[in-house]
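Work through the exercises below with the structure in view. Each task is followed by a solution in steps.

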Amino acid sequence: MLTITRELHDAIVAHARADHPDEACGVIAGPAGTGRPERFIPMLNAARSPTFYEFDSGDLLKLYRDMDDRDEEPVVVYHSHTATEAYPSRTDVSLASEPHAHYVLVSTAEGTGPDDPFQFRSYRIVDGEITEEDVQVVEAHQP
């Protein structure tokens with residue numbers, strides 16, 4: 001199960017709506033070994049596409065160096081789908097290279113206004129195998 005704070009959940013949704021009609025993408029880092037998402041890191045979709053996302057290789061290198069310096073790891077890797085449901089595509093599965101990460105997809109297919117419906121779903125993707133997991137949104141992480 002992915003346990004995520006309301007603040008981080010809302011930040012992901014806001015990023016997805018802001019970048020619509022292009023796909024949004026980013027990472028939530030957390031202390032290495034804890035599995036706890038803490039630091040929201042929105043990334044630029046280098047593809048600038050409504051059907052595909054791509055992290056800029058230079059930005060990704062900086063991100064991993066920064067996480068390494070902070071003793072963090074990617075806990076959540078997220079992106080949006082702008083015209084389809086929040087389910088990993090074949091391309092998403094082929095790009096899933098973090099076996100311990102939660103892969104969050106937000107669908108903005110219904111619209112981008114604050115009251116428009118959206119889907120927020122989380123998956124584990126390991127060796128090409130997709131497993132959907134429950135998402136628990138909490139007000140704050142317990143110490």
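A cavity here is a set of grid points where a 1.4 Å probe fits but cannot get out, and its volume is the space filled by probe spheres set on those points. The model is predicted.

**Exercise 1. The cavity**

Task: State how many cavities of 30 Å³ or more there are, give the volume of the largest cavity, and describe its lining.

Solution:
- Step 1. The count comes to one cavity of 30 Å³ or more.
- Step 2. The volume of the largest cavity is about 40 Å³.
- Step 3. Its lining is made up of Y53, V77, H79, D92, Y103, V104, L105 and I125.
- Step 4. Sorted by class, six of the lining residues are nonpolar, one is polar and one is charged.
- Step 5. At least two lining residues come from strand 4, and at least two from strand 5. Strand 5 gives the largest share, three residues.

**Exercise 2. The sheet**

Task: Find the order of the strands in the open sheet and explain why strand 3 and strand 7 each have one side without a neighbour.

Solution:
- Step 1. The sheet has six strands in the order 3-2-4-5-6-7, and the pairing is mixed.
- Step 2. Strand 3 (39–43) and strand 7 (129–133) are at the edges, and each has a single partner strand, so one side of each lacks a neighbour in the sheet.
- Step 3. On average, neighbouring strands are turned by 30° against each other, direction ignored.
- Step 4. For one pair in detail, take strand 5 (residues 102–107) and strand 6 (residues 119–126): they run antiparallel and are joined by five bridges. L105 stands opposite R121 in strand 6.

**Exercise 3. The helices on the sheet**

Task: Which strands does helix 1 touch, and which does helix 2 touch?

Solution:
- Step 1. Helix 1 (residues 6–19) packs on the sheet and touches strand 2 (25–31), strand 3, strand 4 (72–81), strand 5 and strand 6. The direction of helix 1 makes about 10° with that of strand 3.
- Step 2. Helix 2 (residues 57–69) also packs on the sheet, where it touches strand 2, strand 3 and strand 4. The direction of helix 2 makes about 170° with that of strand 3.

**Exercise 4. A salt bridge**

Task: What joins the side chains of R39 and D66, and where in the chain do these residues lie?

Solution:
- Step 1. Side chains of opposite charge can pair when their charged atoms come close.
- Step 2. R39 and D66 form a salt bridge, at 3.0 Å from N to O.
- Step 3. R39 lies in strand 3 and D66 in helix 2, 27 residues apart, so this pair links distant parts of the chain.
- Step 4. The structure holds nine salt bridges.

Definitions and conventions:
Residues numbered from 1 in each chain as written. Predicted model: local features only at pLDDT ≥ 70, side-chain atom pairs only at ≥ 80, totals over all residues. Heavy atoms only, no water. Pairing = 2+ DSSP bridges. Helix = DSSP H or I, 4+ residues; strand = E, 2+ residues; numbered from the N terminus. Axes fitted to C-alpha atoms, helices over the stretch in contact; angles between N-to-C directions. Contact = heavy atoms within 4.5 Å. 1 Å grid on protein atoms, 1.4 Å probe; cavity = no way out; pocket = protein on both sides within 12 Å on 5 of 7 lines; lining within 4 Å. Nonpolar A, V, L, I, M, F, W, Y, C, P; charged D, E, K, R; others polar. Salt bridge = Lys/Arg side-chain N within 4 Å of Asp/Glu carboxyl O.
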